[in-house]
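Trainee: Hi, do you have a minute to go through this structure with me?
Mentor: Sure, pull it up and we can start.

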Amino acid sequence: MTMQRSFRRQVIYGFFIMVFLCVFTVFLAFITTRNIQYVFLKTMRDNVLSLKAAEELELALLSQKGFLANYFLDGNPLWIEKLEEKRVNFKDWLDKATASALTPPEKDIVKDIKLLYETYESERYRAKELYDSGNFQEAKNILLNDMWDAFDVLYQKCEDYIQINESIIQKSEGSLRNKIIGMMILIAV
């Protein structure tokens with residue numbers, strides 16, 4: 001009879017241990033899911049906004065190309081009005097990029113883009129002023145040389161900004177993957 005009680009106690013203790021382990025595993029799975037969700041949402045919120053701003057900034061820059069040349073070709077001020085709309089769009093995306101830049105490399109490259117764009121705008125304004133004053137050859141030289149060079153450098157900075165954001169997202173994905181593996185190992189143990 002004592003042997004039956006001893007065996008019964010062992011079964012009951014074993015049952016309670018199994019229940020405890022099951023509850024602990026469910027609790028650990030819940031905590032893991034919440035942790036992964038937090039990391040994922042943080043990654044999405046921080047990095048995806050910055051990547052979108054970088055891509056839209058590049059598109060806004062590209063959308064400005066050719067308006068001044070069209071103005072030089074036919075003298076229609078409608079081209080300058082359209083260019084101004086595109087310039088405002090670029091400035092909006094530059095502000096969004098500035099706000100969403102979190103890391104020092106992002107902040108530095110956005111600052112570089114801002115300075116380069118000011119140079120590009122200055123050259124564009126100078127070319128328009130020369131054209132309007134009748135100095136067509138000098139305006140054309142600025143358009144085809146100085147502005148083109150400034151545009152190329154600016155475009156490359158926008159590309160670099162996109163690459164920085166893509167690498168940050170890849171690092172975040174790696175970190176998230178490592179957390180998932182670590183938690184899965186913990187749950188399995």
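**Tyrosine 71 and its surroundings**

Mentor: Let's begin with tyrosine 71, which counts as buried because its relative accessibility is 8%, and buried means under 20%. Keep in mind that this is a predicted model.

Trainee: Okay, which helix is tyrosine 71 found in?

Mentor: Tyrosine 71 belongs to helix α2.

Trainee: And what does tyrosine 71 touch, not counting residues up to four places away in sequence?

Mentor: With those set aside, tyrosine 71 touches Asn76, Pro77, Trp79, Ile80, Lys128, Tyr131 and Asp132. There is also a distance to look at: the C-alpha atoms of tyrosine 71 and leucine 83 are separated by 9.8 Å, and the two residues are twelve residues apart along the chain.

Trainee: Trp79 was on that contact list. Is tryptophan 79 buried or partly exposed?

Mentor: Tryptophan 79 is partly exposed, because its relative accessible area is 22% and the buried class stops under 20%. This residue lies in helix α3.

Trainee: What is tryptophan 79 in contact with, leaving aside neighbours within four places in sequence?

Mentor: Phe67, Asn70, Tyr71 and Asp74. Leucine 68 is another residue to check: from C-alpha to C-alpha, tryptophan 79 and leucine 68 are 6.9 Å apart in space, and they are eleven residues apart in sequence.

Trainee: Switching to the core, which residues touch the most other members of the largest nonpolar core?

Mentor: Leu57, Phe72, Phe90, Ile113 and Tyr161 do, out of 33 residues in that core. Two or more residues come from each of α1 (2-62), α2 (67-74), α3 (78-100), α4 (104-132) and α5 (136-188). The largest share is from α5, with eleven residues.

Trainee: Take isoleucine 113 then. What does it touch, not counting residues up to four places away in sequence?

Mentor: Isoleucine 113 touches Leu57, Phe90, Leu94, Leu154, Lys157, Cys158 and Tyr161.

Trainee: There's a cysteine in there, Cys158. How many disulfides does a search of the whole structure find?

Mentor: Zero. As a reminder, a disulfide is a covalent bond between the sulfur atoms of two cysteines.

Trainee: And is cysteine 158 buried or exposed?

Mentor: Cysteine 158 is buried, because its relative accessible area is 0%. Cysteine 22 is partly exposed, with a relative accessible area of 47%.

Trainee: Now pockets. What volume does the largest pocket have?

Mentor: About 200 Å³. The lining has 14 residues, and the closest to the centre are Lys65, Gly66, Leu143, Met147 and Trp148. Helices α2, α4 and α5 each give two or more residues to that lining, and the largest share, five residues, comes from α5.

Trainee: What is the lining of the largest pocket like by class?

Mentor: Ten nonpolar residues, two polar and two charged.

Trainee: And how much space lies in the second largest pocket?

Mentor: About 150 Å³. Its lining consists of Leu68, Ile80, Leu83, Glu84, Arg87, Glu121, Arg124, Tyr125 and Lys128. At least two of the lining residues are supplied by α3, and at least two by α4.

Trainee: How does that lining split by class?

Mentor: In the second largest pocket, the lining has five charged residues, four nonpolar and no polar ones. You have already met some of these names: Ile80 and Lys128 are among the residues that tyrosine 71 touches, and both also line this pocket.

How values were computed
Residues are numbered from 1 along each chain as its sequence is written. This is a predicted model: local features need pLDDT of at least 70, side-chain atom pairs count only at pLDDT 80 or more; totals for chains, interfaces and linings use all residues. Side-chain values use heavy atoms; hydrogens and water are left out. A disulfide is a pair of cysteine sulfur atoms within 2.5 Å. Buried means under 20% relative accessible area, exposed over 50%, partly exposed in between (1.4 Å probe, protein chains only). A nonpolar core is a set of buried Ala, Val, Leu, Ile, Met, Phe, Trp, Tyr and Cys residues joined through side-chain atoms within 4.5 Å. Helices (H or I, at least four residues) and strands (E, at least two) are DSSP runs, numbered from the N terminus. Contact means heavy atoms within 4.5 Å. On a 1 Å grid over the protein atoms alone, a cavity is a set of points where a 1.4 Å probe fits but cannot get out, and a pocket is an open set with protein on both sides within 12 Å along at least five of seven lines; lining residues have an atom within 4 Å of a point. Grid points are joined across faces, edges and corners, and a volume is the space filled by probe spheres set on the points. Ala, Val, Leu, Ile, Met, Phe, Trp, Tyr, Cys and Pro count as nonpolar, Asp, Glu, Lys and Arg as charged, and the others, Gly among them, as polar.
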